Amino acid sequence: MQSDIAGSPAMGEARNGKAAYRPRTAIIGAGAAGMMQAIKLREAGLDDIVIYEKANEVGGTWRENRYPGVACDVPAHHYNYSFEHNPGWSHRLALGGEIQSYMLKVADKYDLRRDIVFGTKVTGCRFDGRKWHLETVEGHLDTVDFLVAATGPLHVPAFPRIEGLDDFEGAKFHSAQWMDGIDLSDKRVGVIGSGSTGTQLIAALANQGVDLTAFIRTPQWIFPLPNRRFGDMERKIVRAMPWIGRAAGRFYGWFFEHVFAEAVIKNGWQRKFLSSMCKWHLGRIKDPELRRKLTPPDEPLCKRMVMSTAFYPAVSRRNVEIVRDGIVRATEQGIVDQSGRLHELDVIIFATGFDARAYHRPIELTNARGESLTKVWEGQTGAHLSVHVPGFPNFMLVGGPHSPRGNFSAIAYSEAIVDHIVKVIKFCAENGYHSIEAKPEALDEFLQKVKSAVPSTIWISGCTNWYMDENGMPETWTGTPDAYREILREPRYEEFKLAR
Ligand code: NAP
């Protein structure tokens with residue numbers, strides 16, 4: 001039986017216990033979002049859960065990104081679960097290893113490992129009209145009622161297409177696939193890319209005295225947020241009075257979710273303030289030639305803002321050369337730039353980012369009509385509220401298309417998505433609905449909402465970035481994170497097709 005509107009008479013019967021059932025939910029990915037989803041589902045009593053994780057440990061991005069200098073660019077006291085505040089952060093911007101330790105502690109405290117199947121790469125998920133069937137290359141893995149992709153929006157490394165790269169005789173790897181144990185101290189190292197990752201990596205290698213060539217195609221604006229180390233006394237005080245850390249987290253939450261978000265989406269004091277801070281920061285580079293090389297061609301906030309006070313002093317060091325002439329090709333010995341110069345290198349590191357539209361991929365998701373989600377999304381990605389894809393019932397994403405991508409705590413906004421998913425599954429379980437699917441018109445309305453905000457954003461000033469498509473449609477939410485939380489807060493079941 002299918003119902004378009006919640007509250008139909010049949011629901012009453014179900015509420016009386018007739019059709020309620022205990023759903024099984026599979027979560028893919030044991031990163032920050034997948035772990036939180038598991039914790040919250042269990043808390044709601046929906047404890048028939050399993051997490052499939054391709055690696056052998058939890059932590060997602062913080063397990064994988066081990067490059068020198070890796071840190072979070074959102075202040076630490078704002079970058080933790082609301083229900084598991086960490087008063088012990090050592091720096092304003094927590095270092096990657098420290099965040100990974102936090103993830104391990106949370107996994108232990110909530111005994112998450114008992115529901116995680118490690119070392120299992122899900123390759124396909126097929127919906128049969130009622131249940132999702134999960135597969136690995138070895139064959140059938142599991143059958144579940146609900147499927148949550150907590151695979152992270154940025155998990156598939158993007159590599160530059162450079163002619164001759166295969167001929168290069170040195171080591172080459174992506175920043176997210178760090179070659180553990182490699183000693184760069186006696187090597188000539190080239191880093192390609194200067195986004196959030198490249199900036200952290202270049203600064204760290206430069207300060208280690210590595211012989212470094214940074215290939216920067218487009219310099220980015222850098223907001224001067226110092227990564228201060230908290231003193232021992234300061235940390236003792238925050239541990240003794242954790243409300244101080246929470247208050248700091250709330251302040252940073254306000255600053256990032258309002259000042260940064262509003263600077264992107266409207267032309268007010270926030271944009272002027274952040275722009276002038278970035279321009280002042282750039283102006284502090286004394287060498288005019290270096291300053292010219294590092295001057296971005298676009299407006300501050302066009303790309304996701306980079307946070308650092310370490311980068312400019314680091315690249316001013318003698319062991320660093322910034323190359324702005326584009327890369328033409330690679331050879332056995334190194335990289336040739338547009339001026340024809342060969343930069344001889346022993347190692348090339350790609351800090352070239354991620355495929356911003358990978359989402360569930362490389363997992364192949366197929367609905368009951370045999371349609372693949374990858375194909376459906378070929379022209380335009382889209383999920384109602386960034387979570388529910390029409391045509392793919394009982395499948396939900398954390399961090400899907402048009403979820404926030406700005407300078408915010410991914411943990412903080414993911415919590416709203418995770419809570420929303422818990423509500424949806426609980427509603428279905430209590431009311432005997434075995435299938436829930438967003439209506440296409442609900443998605444259209446959501447996408448219209450995202451699109452209608454574009455004309456007042458900074459992005460119309462002539463920006464290029466990894467989250468805009470060629471038609472000017474951003475892959476990110478175009479409001480504040482608070483507005484996003486608001487649309488997720490109470491699921492509107494009239495926007496869904498429900499079936500028992
Ligand atoms: P990114 O922002 O996409 O930057 C990629 C860089 O590589 C850009 O400088 C880009 O230049 C360059 N590039 C790409 N292809 C190139 C080519 N063929 N030749 C030359 N240069 C090329 O990637 P990311 O720095 O890894 O950051 C991605 C996202 O990860 C961030 O925005 C953030 O969301 C997240 N992140 C977060 C943290 C954190 O602390 N929380 C840290 C690192 C990353 P163009 O600009 O010219 O394309």
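## Helix H14 and its cover

Let's start with helix H14, which spans residues 481-489 in this predicted model. What covers its buried residues? The cover includes helix H7 (242-265) and helix H12.

The buried residues of H14 are Pro481, Tyr484, Arg485 and Leu488. Looking down the axis of H14, you would find them within an arc of 100 degrees, so they line one face of the helix. A general rule helps here: an α-helix has 3.6 residues a turn, so residues three or four places apart point the same way.

## The five-stranded sheet

Now to an open sheet, whose five strands pair in parallel in the order S4-S3-S2-S8-S20. Strand S4 (116-117) and strand S20 (395-397) sit at the edges, each pairing on one side only. Helix H12, residues 410-431, packs on this sheet and touches strand S2 (25-28), strand S8 (146-149) and S20. The direction of H12 makes about 165 degrees with that of S20.

At the S4 edge, two bridges join S4 to strand S3 (residues 49-52). One bridge partnership links Ile51 with Ile116 in S4.

## The nonpolar cores

Which residues have the most contacts inside the largest nonpolar core? They are Leu294 and Ile349, in a core of 119 residues. Helix H12 appears again here, giving the most to this core with 12 residues. Both domain 1 (2-156 + 355-499) and domain 2 (165-350) supply at least three residues each.

Another core, of 22 residues, lies apart from that one. Among its members are Val50, Ile363, Ala383 and Phe392. As a general pattern, nonpolar side chains tend to be buried together in soluble globular proteins.

Notes: Residues are numbered from 1 along each chain as its sequence is written. This is a predicted model: local features need pLDDT of at least 70, side-chain atom pairs count only at pLDDT 80 or more; totals for chains, interfaces and linings use all residues. Side-chain values use heavy atoms; hydrogens and water are left out. Two strands pair if DSSP finds at least two bridges between them. Helices (H or I, at least four residues) and strands (E, at least two) are DSSP runs, numbered from the N terminus. Contact means heavy atoms within 4.5 Å. Axes are lines fitted to C-alpha atoms, for helices over the stretch in contact, and angles run from 0 to 180 degrees between N-to-C directions. Buried means under 20% relative accessible area, exposed over 50%, partly exposed in between (1.4 Å probe, protein chains only). The arc is that of the directions from the helix axis to the C-beta atoms. A nonpolar core is a set of buried Ala, Val, Leu, Ile, Met, Phe, Trp, Tyr and Cys residues joined through side-chain atoms within 4.5 Å. Domain bounds come from an automatic or database domain assignment.
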